[in-house]
Amino acid sequence: MDKEKLFKEISDNVVDMDDEAVEDLCEQTLDAGIDPSETIREGLIDGMNRVSELFESEEYFLPEVMTSSFAMNAGIDILKPHIKQETLETPVSMVIGVVEGDTHDIGKNLVKIMCEAAGFKVYDLGKDVPLDSFIETAEEKHCDLICMSTLMTTTMEGMRTVVNKLKDRGIRDKYKVMIGGGPISQKFADLIGADAYTPNAHAAVLKIKEMMGVH
């Protein structure tokens, strides 16, 4: 079976919420010697992106989204131990989390996995994170980046609050601030003074490398 066909089947089965099929197909990609990071990106994440579109068009609702995410995570569990960790000459460390008031962490978890595979040190605060915790952890762990996500319009303003708190403490220039999530846009990132917006996990890794000057 060729690579693209496997990726398409994985994506389809994430959409179809079939975790056993996803696990079997991910095992097949490993047997075929396919890079696990590529399978995550082109198969699992592609499927979850399609689920997000179905959710936005109200063809899928939260139960379907959650069940699809279980299927995606089943595939990630198969692939993650086989991801080759890059080694960076210049270490990059980051704090990441879903802002306070939001418990949707699928996108955040994907960014974390891809960033760890890229060789970054990731401090994951999880979901529904108190806004001060982003700054406290960044200070304590001497991070380079603060990364925040949300899927809810009602919690977007928390991102602005974190940026303003950094300014109030006189430490805004110490950190690159990157934001993402369903309702987030480049326009909103510019509006609140964030350094970057990225639409997906793969783009997040590329943007971080660009901002930090690592390759």
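Is Lys 207 buried, partly exposed or exposed? Keep that in mind as you load this predicted model; the tour begins with that residue and then moves into the core.

**Stop 1: Lys 207**

Select Lys 207, which you will find in helix H9. With a relative accessibility of 25%, Lys 207 counts as partly exposed. Now show what surrounds it: setting aside neighbours within four places in sequence, Lys 207 is in contact with Met 178, Ala 196 and Thr 198. If you like distances, draw one from the C-alpha of Lys 207 to that of Ala 189: the two are 18 residues apart in sequence and 14 Å apart in space.

**Stop 2: helix H5**

Next, select residues 106–117, which form helix H5. This helix has 12 residues and spans 17 Å from its first C-alpha to its last, close to the 16 Å expected at 1.5 Å a residue. Colour its buried residues: Ile 106, Lys 108, Leu 110, Val 111, Ile 113, Met 114, Cys 115 and Ala 117. Notice that a lysine, Lys 108, is on that list. To see what covers these buried residues, switch on H3, H4, S1, strand S2 (121–124), S3 and H9, which are included in the cover. After H5 comes Gly 119, with a positive phi near 95°.

**Stop 3: H3 against H5**

Keep H5 on screen and add helix H3, residues 36–56. A pair of packed helices is described by the angle and the distance between their axes. Here the axes come within 12 Å and cross at roughly 170°. H3 and H5 are therefore roughly antiparallel to each other. Show side chains where the two meet: Ser 37, Ile 40, Arg 41, Ile 45 and Met 48 from H3, against Ile 106, Leu 110, Ile 113, Met 114 and Ala 117 from H5. Sorted by class, this contact has 8 nonpolar, 1 polar and 1 charged residues.

Zoom in on Ser 37, in helix H3. Its relative accessible area is 13%, so Ser 37 is buried. Beyond its neighbours within four places in sequence, Ser 37 is in contact with Ile 83, Met 114 and Ala 117.

**Stop 4: the largest nonpolar core**

In soluble globular proteins, nonpolar side chains tend to be buried together. The largest nonpolar core in this model has 47 residues. Select those with the most contacts inside it: Ile 40, Leu 44, Met 72, Met 94, Cys 115, Phe 120 and Ile 208. Elements that give two or more residues to this core include helix H1 (3–15), helix H2 (19–31) and helix H4 (62–79). H5 supplies the largest share, 7 residues.

Centre the view on Met 72. Leaving out neighbours within four places in sequence, Met 72 is in contact with Val 14, Leu 44, Met 48, Ile 106 and Leu 110. Apart from this core lies another, of 24 residues, among them Ile 146, Met 159, Ile 184 and Ala 189.

**Stop 5: Val 95 and Thr 137**

Finish at Val 95, in strand S1. Val 95 has a relative accessible area of 0%, so this residue is buried. Its contacts, not counting neighbours within four places in sequence, include Tyr 123, Phe 134, Thr 137, Ile 146 and Cys 147. Between the C-alpha atoms of Val 95 and Lys 121, 26 residues apart along the chain, the separation is 8.6 Å.

From Val 95, step across to Thr 137, found in helix H6 (residues 131–141). Thr 137 counts as buried at 13% relative accessibility. Leaving aside residues up to four places away in sequence, Thr 137 touches Val 95, Tyr 123, Leu 125, His 142 and Cys 143.

Notes: Residues are numbered from 1 along each chain as its sequence is written. This is a predicted model: local features need pLDDT of at least 70, side-chain atom pairs count only at pLDDT 80 or more; totals for chains, interfaces and linings use all residues. Side-chain values use heavy atoms; hydrogens and water are left out. Axes are lines fitted to C-alpha atoms, for helices over the stretch in contact, and angles run from 0 to 180 degrees between N-to-C directions. Helices (H or I, at least four residues) and strands (E, at least two) are DSSP runs, numbered from the N terminus. Angles under 35 degrees count as roughly parallel, over 145 as roughly antiparallel, 65 to 115 as roughly perpendicular and the rest as oblique. Contact means heavy atoms within 4.5 Å. Ala, Val, Leu, Ile, Met, Phe, Trp, Tyr, Cys and Pro count as nonpolar, Asp, Glu, Lys and Arg as charged, and the others, Gly among them, as polar. A nonpolar core is a set of buried Ala, Val, Leu, Ile, Met, Phe, Trp, Tyr and Cys residues joined through side-chain atoms within 4.5 Å. Buried means under 20% relative accessible area, exposed over 50%, partly exposed in between (1.4 Å probe, protein chains only). The expected span of a helix is 1.5 Å times one less than its number of residues.
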